[in-house]
Every structure is written in structure tokens, then in C-alpha cells.
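Visitor: Please take one part of this model and go through it closely. I would like the sheets and the helices that pack on them, with the backbone details that belong there.

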Protein chains: 2
Amino acid sequence: MTKSLFPFAALLALAAPAQAQDEAAPPSPGEIVAQAPAAEWTTIAPEDLLVMTLASAPDGTAREVVIQLMPAPFSQGWVGNIRTLARTEWYDGTAVNRVQDNYVVQWGDPNYDNPEAGGEAKAVPANLAAVPENEYSARLDEPAIAKIRTYFETTASRVAPSDPTTLYRADPYARAHAFFDGWPIAMTDDEPVAWPVHCYGMVGVGRGYSPDTGSGAELYTVIGHAPRHLDRNIALVGRVVEGMEHLSSLPRGSGALGFYTAGEADKRTPIVSVRVASDLPDSERPAFEYLSTEGETFARYADARANRRDPFFIYPAGGADICNIPVPVRRVAD
Amino acid sequence: MTKSLFPFAALLALAAPAQAQDEAAPPSPGEIVAQAPAAEWTTIAPEDLLVMTLASAPDGTAREVVIQLMPAPFSQGWVGNIRTLARTEWYDGTAVNRVQDNYVVQWGDPNYDNPEAGGEAKAVPANLAAVPENEYSARLDEPAIAKIRTYFETTASRVAPSDPTTLYRADPYARAHAFFDGWPIAMTDDEPVAWPVHCYGMVGVGRGYSPDTGSGAELYTVIGHAPRHLDRNIALVGRVVEGMEHLSSLPRGSGALGFYTAGEADKRTPIVSVRVASDLPDSERPAFEYLSTEGETFARYADARANRRDPFFIYPAGGADICNIPVPVRRVAD
């Protein structure tokens, strides 16, 4: 048996922190986040933000979606392609071409991977990388492993089921999971290999049958229950951090897999533009920050998600799956 | 330590069934369901189906939502109230009043539990039951326990993580979970107590702060990642079996918790009528059936959801959470 890199068992003896015995109602997860010190919020680099402008809604509502791109060590080949596609304005004039209920919204070239659309695929820039499937997961370096050990020490025991023998087995899809640099990840436990997971709002790279891994010219986001069977089968490249409702509330397609049929061309939402935020003028550049997943506030927040003590609740669950602990992200006012 | 009623450990030695070594691509979960023998489909009683007709969409699309009510032993007090409310035509003329992204769509009286709506709550029939919170879960009788044992024998070991010590610990919210009479449930393992779980499309009873448990006059359905922290905190009374897209694609509300604000009154979708299917004339009565969760096909389907072998996939997950194995339900042609 291989030596475990993440000695969960050794952490299990840690008792949960004692609750303060005051009279006030326990704070909700949102209240805990609202009290986080400024130092626990981490700025998202403008290079890691995509601004996707959709055509206005039929009632005139402007529709802007902001996506945070995945940081290293994950999926950087595809992330680079996506920056290239945005910088060559390749996405402009494409559309949302698939909306499958409780699954995904997909956009990009409507003729890619969709015979019903009946047109030719749009040529992509010649310099896109062909990323191999072994980059669906990434080997972690020592600093990353140290961060994940910190997560296990501060937070994991609070969100695990109360049975102390179960901590790292509470994920049906992986030996273990954690939060790392603001992202939910899953991992093995006998070698330092991890991968991002398909939670609500995560953004991935559409592809055909393997060994195709997709270029980044077609992207999707999760609009239903976490389809974690896709983990390590498709590249995850980011997550929607604002404007998710402009995608999740789109009309579902009636074709196979939720693609809009040729007769539903009017349902396709046009994509006006996709830009890397760092390329925008200062006045148009949005700023976002996420709650550090290595800090004390995140640990308290995750604990409160798993053990709801605020007044509405009767039975705290005593655990939560990783996709039911969304990482707080907020827009920074101008 | 109490004796376990569900001896999972004894089942863990069961090997997964050997795969047929033929050349054909392994079937997808959907293909397995399509091949189910007729005997494995179970008719849903018309008394257990609600037909909710919404006002037509702005583009003229008719919008009908069909809900299957929860069978005994779960939530029958609220289910009885809902039949009473439907039969007194109480829901008619109410509206969808809350759409919170990645959470719930809620309908009924828009003035219940929503001060922003600014109106008086609609009086409910005097004969509704006040159901206590201890009915959020139910004690199982011997026949039910026998069915759940069958599930563990035929199916559970196929959807659990590959580590044979983890079978009944792969649910972060409960000691165990199973499928029972076509429904996903969770349970303790030292006494025969179980409860339905908050998967996508499940329907529950809105309520205020406890000890209020709600009457059934306000209902919601899950439109995002399973909010299983609500299990045993709110009554689950059914699930949407057709027309889910008419609810999940509604515009999100901008008020607290996704309620439509007073200024968004035009976004509230009117409910034209809610009827129990058994009260409809034959010509209007829809018929549905579900795939028996105690049959061989469901076991194969659940296995295939947890271990995707169809050609798109590279890494079968080796497990699935209970809400990622939706029970197949289909309309029966007239």
C-alpha cells in the first residue's frame, strides 16, 4: 500500500471547535462571509476574467456574463487557447447553441459538433494548442500540497460526516476532495494528482469523442446538479462569477442533448463579444475577488454550510458535498 | 453500539458482475433504460399526479407541469393537504413568486411569507392538516425494509466508490441512501427511519421559521445543485415528471431569496389551474410510469451512471451521488 500524502486519519481526532455559548442566533453562512476581514479576500487578476456580452434580452435587459479562468496548475493549455480566441475576437458573432435542462448551456460555434445546425464550422486560429487528455488532471507541487494539508487541518473535519472514520470517503467520485486557491478540486491520496470538479456554474470545453479534447472554441457551463461523472473526462477552464442567470434561464433546446434545432434558430442567443478583462479600458474593466479558501472565514463558512444552525433549520446535516459549498466571489465596487 | 438493520458490510464482498466481453460499445444509461422489459415499468396512480397549467409563455408556448406526489410512508399529511388545495381549486389564480438561481422556483400565494408582495395572504381551506415536523422522516415497516435490503443487494455495491470499506459512507448527508419505490431516500442505519432527499426537480412545502412546517399552499421545486441541507428540514411531497423546463427557465427574481419584487410583478407567471389527474376527464388525463427501482434494469442503469463506459468517457468515476442517478419516468402514450 502506497504511503498517503494526505494523512486524513491523523486529523480525525481533532474535535470540532467549541461553539460560543452566547445568546445570539448562530450566523448563517452568508453572515459569516459578510464579516470576513479584507485580508481574506483575494483579487482575481484581470488576465483571469472573461467578459462575455450577450445580445440584450427580448425585454431589453442587458446581459453580461463574467467568467473567472482556472489558475495553474489546471487546464492551462485550454485556458491559453481561450485567451487567444477572445483576443482574436473569434467568439464574436457566435451563439448559445445548446441548453439542456439540469445539465449544461453551451456556446461558441453553433456548427461545431452539431449536425442539425447545418452549417460549416468556423475556422479557428492556427496557433491553438492541441492539449492532451492527461492534462485533465495535474500534478501538485510542494507548495500546493502544503495548502491542501492546511485545508484538511482547518476545514475538512468540519464538513465531513460525523462518523470519524469517514472523512475522506464522503465523496462518491474521488478518494478525497478539497478547496485549493479558491477552487473545488478532487484528488487521489497516494500521489499528488488533483483535478477541478463539475459544480454548478463551472465552465468546461466542449469536445467530440475522445481522444479529441476540444480547443476551447466551444464552451459550456453547468446549470443543474453537479455532473461529476464528467470530471477528468472534459477540461474545466473556469466558472461563471456574475450573470449566471442570463445563461441558466435561457429556453431549453428541443433537439438531442438540448441543442436548438434548425427550426429554433430564433432561440439562439447571439454572443456580441468576449474579451479578456485586462484588455478592456479601465472604465469598462470589472474587478472581482474571492474568499480565500485557506483562511479562517472560509473554514467557518464551510462548517456553517455543513452544519446549518441558523434559525430556519431543525436538523443540521452534519456534512455537505463539495458542490454545496460554493466559494464566495464578489464584485469590487469601482 | 446498536445492531445495524442494513448490514452493508456483509454485502461488500460481492464482486461487480463480470462485463460481457463482446465487441459492441457498452450501452449508455439511456440505452439500458430503453431496453427495459415492460414489466419493470410501474404505472403512477392518477391520484398521485398533479397537472399544473401555467399561463402561456410570451411567445405563445403552452406550459403544463406534471408533478408526481410522494407515496407512503413519506409526507402523507402534506400530500393530503395538496390534494385538498387542488380539489378546492385553491391554487388557481396564484402565481410563481420566487425564482432563485441554483436553488428553487416557488409558487402558490405570492403574499405568503413575502412582505415585498405587499398583499394579504389568501385564506386556505379550514380542513388542512397541521403536520408536525417529526413527519419529515418516516419509520419503515418490514416490507419496506425488505425492499431496501434488495436495493443494497442488487444495486448499492455498483454505485459505491471502489474502495470496499466505503459503501454506505459515500453520502455526506446521511448514514446511508437508497432508492425505494422509485424515490431517492436517505436513512439512518441503526433504526428503520428514512426520508426523501432534495434532488433536482423534487417538490417541497414552503414554510416560515420552525416549528411552522407549512400547509402545502406554497410549494417549490429544486432548480440547481441538490440542496440536501434541506433534507428533514422541509417536507418533500413530490417531483416534477414533465415540464420542468417551464419552471427552471423562468426569469430569476431580484429580491432577497429570489422573490420577485413589487416592481417585477410582470415576471410572476400566473397559475391557471392545478388538478389531481384522477379528477380530469379521460381525454385530458396524462399517464406516466417510472422504472422500478427494485428491478434488474435499474440496477444496470445505476451502475452505468456510476461507471460510464459509453464511448464519450475516458475515466469512469467509479461512483455517483444519489441525485446524479435520476429515476427514469416516462409518459405513456394515449
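Guide: What follows goes through the two sheets of one chain, then the helices and loops around them, and then the relation between the chains.

The model is a predicted one, and every value below is computed from it. In chain A, 8 strands form an open sheet in the order S4-S5-S11-S10-S12-S3-S2-S13, with antiparallel pairing. Strand S4 (95–100) and S13 of chain A are its edge strands, each of which pairs on one side only. On average, and with direction ignored, neighbouring strands of this sheet are turned by 25° against each other. Within the sheet, S2(A) and S3(A) are paired in the antiparallel sense over 6 bridges. As for the register of that pair, A:Leu49 stands opposite A:Gln68 in S3(A).

H3(A) packs on the sheet and touches S2, S3, S10, S11, S12 and S13 of chain A, while its direction makes about 120° with that of S13(A). Helix H3 of chain A covers residues 76–87; these 12 residues should span 16 Å at 1.5 Å a residue, and the end C-alpha atoms are 16 Å apart, so the two values agree. The residues of H3(A) that are buried include A:Trp78, A:Val79, A:Asn81 and A:Ile82. A:Arg83, A:Leu85 and A:Ala86 of H3(A) are buried as well. The strands against which the buried residues of H3(A) pack include strand S2 (49–54), strand S3 (63–69) and strand S13 (271–276) of chain A. Strand S10 (202–205), strand S11 (218–222) and strand S12 (236–242) of chain A are also packed against by the buried residues of H3(A).

Backbone exceptions can be read against a simple background: most residues other than glycine have a negative phi, and most peptide bonds are trans. Just after H3(A), A:Glu89 takes a positive phi of about 60°. In the loop between S10 and S11 of chain A lies A:Pro211, and a cis peptide bond with omega of about 15° joins A:Ser210 to this proline. A:Leu257, in the loop between helix H5 (244–248) and S13 of chain A, has a positive phi of about 60° although it is not a glycine.

In chain B, the loop between strand S3 (63–69) and helix H3 (76–87) holds B:Pro73. A cis peptide bond joins B:Ala72 and B:Pro73, with omega of about 10°. The loop between S3 and H3 of chain B is also the place of B:Ser75, which is not a glycine but has a positive phi of about 60°. B:Ser75 has 3% relative accessibility and therefore counts as buried.

The other sheet of chain A is also open: its 4 strands have the order S6-S9-S8-S7, with antiparallel pairing. Its edge strands are strand S6 (138–139) and strand S7 (176–180) of chain A, each pairing on one side only. S7(A) and S8(A) run antiparallel and are joined by 5 bridges, with A:Ala176 opposite A:Met187 in S8(A). The hairpin of S7(A) and S8(A) has 2 residues between the strands, and A:Asp181 takes a positive phi near 50° there. On the way to S9, strand S8 (residues 183–187) of chain A is joined by 3 bridges to the antiparallel strand S9 (residues 193–196) of chain A. The bridge partner of A:Ile185 in S9(A) is A:Pro196.

In a regular strand the side chains alternate between the two faces of the sheet. In S7(A) both faces are covered: A:Ala176, A:Ala178 and A:Phe180 are buried on one side, and A:His177 and A:Phe179 on the other. Because 5 of the 5 residues of S7(A) are buried, this strand is largely enclosed by the rest of the structure.

Helix H4 (residues 142–159) of chain A lies across S7 and S8 of chain A and runs at about 105° to S7(A). In chain B, helix H4 (residues 142–159) has 18 residues and reaches 25 Å from its first C-alpha to its last, close to the 26 Å expected at 1.5 Å a residue. H4(B) has a kink of about 45°, centred on B:Glu153. Among the buried residues of H4(B) are B:Ile148, B:Tyr151, B:Phe152 and B:Val159.

As for the two chains, a rotation of 180° with 0.0 Å of shift along its axis superposes chain A on chain B, with RMSD 0.0 Å. That is the relation of a two-fold axis. The copies meet through the same surface, because 100% of the interface residues of chain A are also interface residues in chain B.

Conventions:
Residues numbered from 1 in each chain as written. Chains lettered and ligands numbered in written order. Predicted model: local features only at pLDDT ≥ 70, side-chain atom pairs only at ≥ 80, totals over all residues. Heavy atoms only, no water. Least-squares fit on C-alpha atoms with pLDDT ≥ 70 in both. Contact = heavy atoms within 4.5 Å. Pairing = 2+ DSSP bridges. Axes fitted to C-alpha atoms, helices over the stretch in contact; angles between N-to-C directions. Expected span 1.5 Å × (residues − 1). Bend = angle between axes of the 7 residues up to and from the residue. Buried < 20%, exposed > 50% of the residue type's maximum accessible area, 1.4 Å probe, protein only.
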